[in-house]
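Here's a walk through the empty spaces and the ring-to-ring contacts of one protein model. Have the 3D view open as you read.

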Amino acid sequence: MLLPIFRYPRKTLKYIATATLAIIFFLLYFRFPFLIIAAALITLILITNNSFSVKISTVITITALLCWINSGKYLSGDLTWYYDHFLLLKKLPLTSYLGSRVNQFTIKINEPFYYTISFILSRISDGNTMVLNIFITGWIYLLTGAAFSKMLNSSGLSPAKTMAALTAAMFTGVTFSLTTHLVRQEFASAAFLLCATSLILKETKLAILFGIISITSHESTYIPFSCLLIGYFYQKIEIPSGKTDKIVKIFLLLIFSGIGIYYSTHIAIDNIFQRIRSDGDINPITMSLDALLYIAVFFHAKKSNNELILKLLFIAALYFSFLIGVSATPLAFLRMYFYVDLFRGCEVIYLSVALLRSNYGELMIFPIIIISTMYIELRILVSNFAYYGGGIIGHLLFPIFFI
């Protein structure tokens, strides 16, 4: 009698090959731990036909990597302020903290959500800054990842294409270096994006929940929230297309530009020096890129007669009009411009899907992933903030690139 190993050679070779690969992965894990985990998850993604598992695996993989990078971010900029208050909440009751004046800042009682979460984390972790960094990063990327995943629900893309589109949006739809700098604004904006996506997809309860979380985390979300609601309900009103429609749209654009001027001269000014103060500026290349993305999406939506996208572009135009009005005040413009990141992520999703659906869609998978990875890598490298292990590439090749 032949031994089983000789009776079923093809099956035996399959088991040997699988065992060999498992051993190789196991040995390489000690040299490149995250790279191997990422490779294993990506392999799982590519062999799975279930759309939900592809999205959830991609979102978790990217979020875990970015949490790891931010866990080693050195304290600087606004993060120092948030960490000081994180430690303060470790010993101060939340009721005494909200509404009180800490140094020159008053903790606004109408923004309790982030502070409540920070209070709970501070007590649980005993004021561990790494826990704060990881939670903030996880919150931002899990929520934006969920929003971008919802946008892909009816795309009809294959697992590999879905992974590419989602990776591109998550890497470009948030400025990574600002996640632990403009903390509450980024925290609120992630909730706002999920709120907006849920509203458009008619998931009303989810939209209301994250809308409340957003506006109770940072009051700057009032502006994009107003653009969303006015633009959304405007589309529900039966206005004849043509001259009347154009007049109403121009009127709304001028209104938001006026709101921007009022915001920059009355609301965003705490003292006489703030009007000329600047914590930096938006690179013209960034603004040019955002303008090109908007134009590209507009012409593609116009050509394909995509009414939904054209309506959403009008909502974005309302916010851009507000930014034009606020541009005279450098600090206010800088702080409000970062909401454009959300539009950038949505535009990248739309254009990625269009490219991946084309006749050469399979050939576009790797360029889309490589370009979006290069984008976030360069963002990290040119940032004023320091990370102990470098950027995306350095962490993937850990520990080779670590000093």
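Start with Phe187, which counts as buried because its relative accessible area is 0%. Keep in mind that you're looking at a predicted model.

**Rings in the interior**

What sits against the ring of Phe187? It's Trp139: the two ring centres are 4.4 Å apart with the planes at 5 degrees, so this pair is stacked. The contact bridges distant parts of the chain, with Trp139 in helix α8 (residues 129–151) and Phe187 in helix α10 (residues 183–200), 48 residues apart. Trp139 is buried too, at a relative accessible area of 14%.

Now turn to Tyr114 and Tyr115, whose rings make an edge-to-face pair. Their centres are 5.7 Å apart, and there are 70 degrees between the planes; that is why the pair gets the edge-to-face label, which needs over 60. Tyr114 has 3% relative accessibility, so it counts as buried. Tyr115 also comes out at 3% and is buried.

Both pairs belong to one aromatic cluster, made up of Trp81, Tyr82, Tyr97, Phe113, Tyr114, Tyr115, Phe135, Trp139 and Phe187. Across the whole structure, the search turns up 24 aromatic pairs.

Rings can have charged partners as well: Lys249 lies over the face of Phe314, 5.4 Å from the ring centre.

**A pocket and a cavity**

Next, the empty space. Rolling a water-sized probe over the atoms is what shows where such space is left.

The largest pocket has a volume of about 1,300 Å³. It's lined by 40 residues, and those closest to its centre are Thr175, Thr286, Arg344, Tyr375 and Arg379. Which elements give two or more residues to this lining? They are α9 (159–172), α14 (284–303), α16 (330–337), α17 (340–356) and α18 (361–381). The largest share comes from α18, with 9 residues.

There's also 1 cavity of 30 Å³ or more in the structure. The largest cavity has a volume of about 40 Å³. Around it you'll find Thr144, Gly173, Val174, Glu186, Ser189, Ala190, Phe338, Tyr339, Asp341 and Leu342. Helices α10 and α17 each supply at least two residues of that lining, and α10 gives the most, with 3 residues. Helix α10 is also where Phe187 of the stacked pair sits.

Here's how the two linings break down by residue class:

| Space | Nonpolar | Polar | Charged |
|---|---|---|---|
| Largest pocket | 22 residues | 11 residues | 7 residues |
| Largest cavity | 5 residues | 3 residues | 2 residues |

**A serine in α13**

One more stop: Ser257, found in helix α13 (residues 243–267). Is Ser257 buried or exposed? Its relative accessibility is 17%, and the buried label applies under 20%, so Ser257 counts as buried. What does Ser257 touch, leaving out residues up to four places away in sequence? The contacts are Ser321, Phe322 and Gly325. Take Phe322: although Ser257 and Phe322 are 65 residues apart in sequence, their C-alpha atoms are 4.4 Å apart in space.

Methods: Residues numbered from 1 in each chain as written. Predicted model: local features only at pLDDT ≥ 70, side-chain atom pairs only at ≥ 80, totals over all residues. Heavy atoms only, no water. 1 Å grid on protein atoms, 1.4 Å probe; cavity = no way out; pocket = protein on both sides within 12 Å on 5 of 7 lines; lining within 4 Å. Points joined across faces, edges and corners; volume = space filled by probe spheres on them. Helix = DSSP H or I, 4+ residues; strand = E, 2+ residues; numbered from the N terminus. Nonpolar A, V, L, I, M, F, W, Y, C, P; charged D, E, K, R; others polar. Phe/Tyr/Trp six-rings, centres within 6.5 Å; stacked < 30°, edge-to-face > 60°. Buried < 20%, exposed > 50% of the residue type's maximum accessible area, 1.4 Å probe, protein only. Lys NZ or Arg CZ within 6 Å of the ring centre and 35° of its normal. Contact = heavy atoms within 4.5 Å.
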